[in-house]
Amino acid sequence: MPNAVKAAVVGDLPPGTSKLVTLGGVDIALFNVGGRFCAIDNACPHRGGPLADGSLSGTTVTCPWHAWEYDVTTGACLNNPAAKVRSYPVQVQGDDVLVTL
């Protein structure tokens, strides 16, 4: 059964920023895209680069290691469709950002 876990407080993640959170032993990159929160696996499948440290432009994060790009809303890789990362449902309840594992 899916479990929604508090990942952040809305005010901790301004629009256009990201944050690494570890939930249930999983490293997740959490993004605020213009007030919409999105979550994907943190490790880039190419070489394991930390996606939470990447640059965010619109809904695209660029891996800081080798510039592979991912859509943070779906986890789709724009460079290689076979390299998709897992995305997680996110909801906001009050000031809490919850990620469903």
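**Exercise 1.** In this predicted model, state how many residues lie between β9 and β10 in their hairpin, and which turn residue has a positive phi.

*Solution.* Begin with the connection itself: β9 and β10 form a hairpin in which two residues stand between the strands. Then inspect the backbone of the turn, where glycine 94 has a positive phi of about 65 degrees. Next, follow the pairing away from the turn, which runs in the antiparallel sense over four bridges between β9 and strand β10, the latter covering residues 96-100. Two positions illustrate the register: glutamine 91 is opposite leucine 98 of β10, and valine 90 has valine 99 of β10 as its bridge partner.

**Exercise 2.** Place the hairpin in its sheet, and determine which strands are the edge strands.

*Solution.* The strand order is β1-β10-β9, in an open sheet of three strands with antiparallel pairing. The edges are therefore β1 (4-9) and β9 (90-93), since an edge strand pairs on one side only. From one strand to the next, the twist averages 35 degrees.

**Exercise 3.** Identify which elements give two or more residues to the largest nonpolar core, and describe what isoleucine 40 touches.

*Solution.* The largest nonpolar core has 16 residues, of which Phe31, Ile40, Leu51, Trp68, Tyr70 and Val72 touch the most other members. The elements giving two or more residues are β3 (26-33) and β4 (36-41), and β3 gives the most, with three residues. Leaving aside residues up to four places away in sequence, isoleucine 40 touches several residues, among them Phe31, Leu51, Val72 and Tyr88. Finally, a second, separate core of 12 residues includes Leu13, Leu30, Phe37 and Tyr88.

Notes: Residues numbered from 1 in each chain as written. Predicted model: local features only at pLDDT ≥ 70, side-chain atom pairs only at ≥ 80, totals over all residues. Heavy atoms only, no water. Axes fitted to C-alpha atoms, helices over the stretch in contact; angles between N-to-C directions. Core = buried A, V, L, I, M, F, W, Y, C linked by side-chain atoms within 4.5 Å. Buried < 20%, exposed > 50% of the residue type's maximum accessible area, 1.4 Å probe, protein only. Contact = heavy atoms within 4.5 Å.
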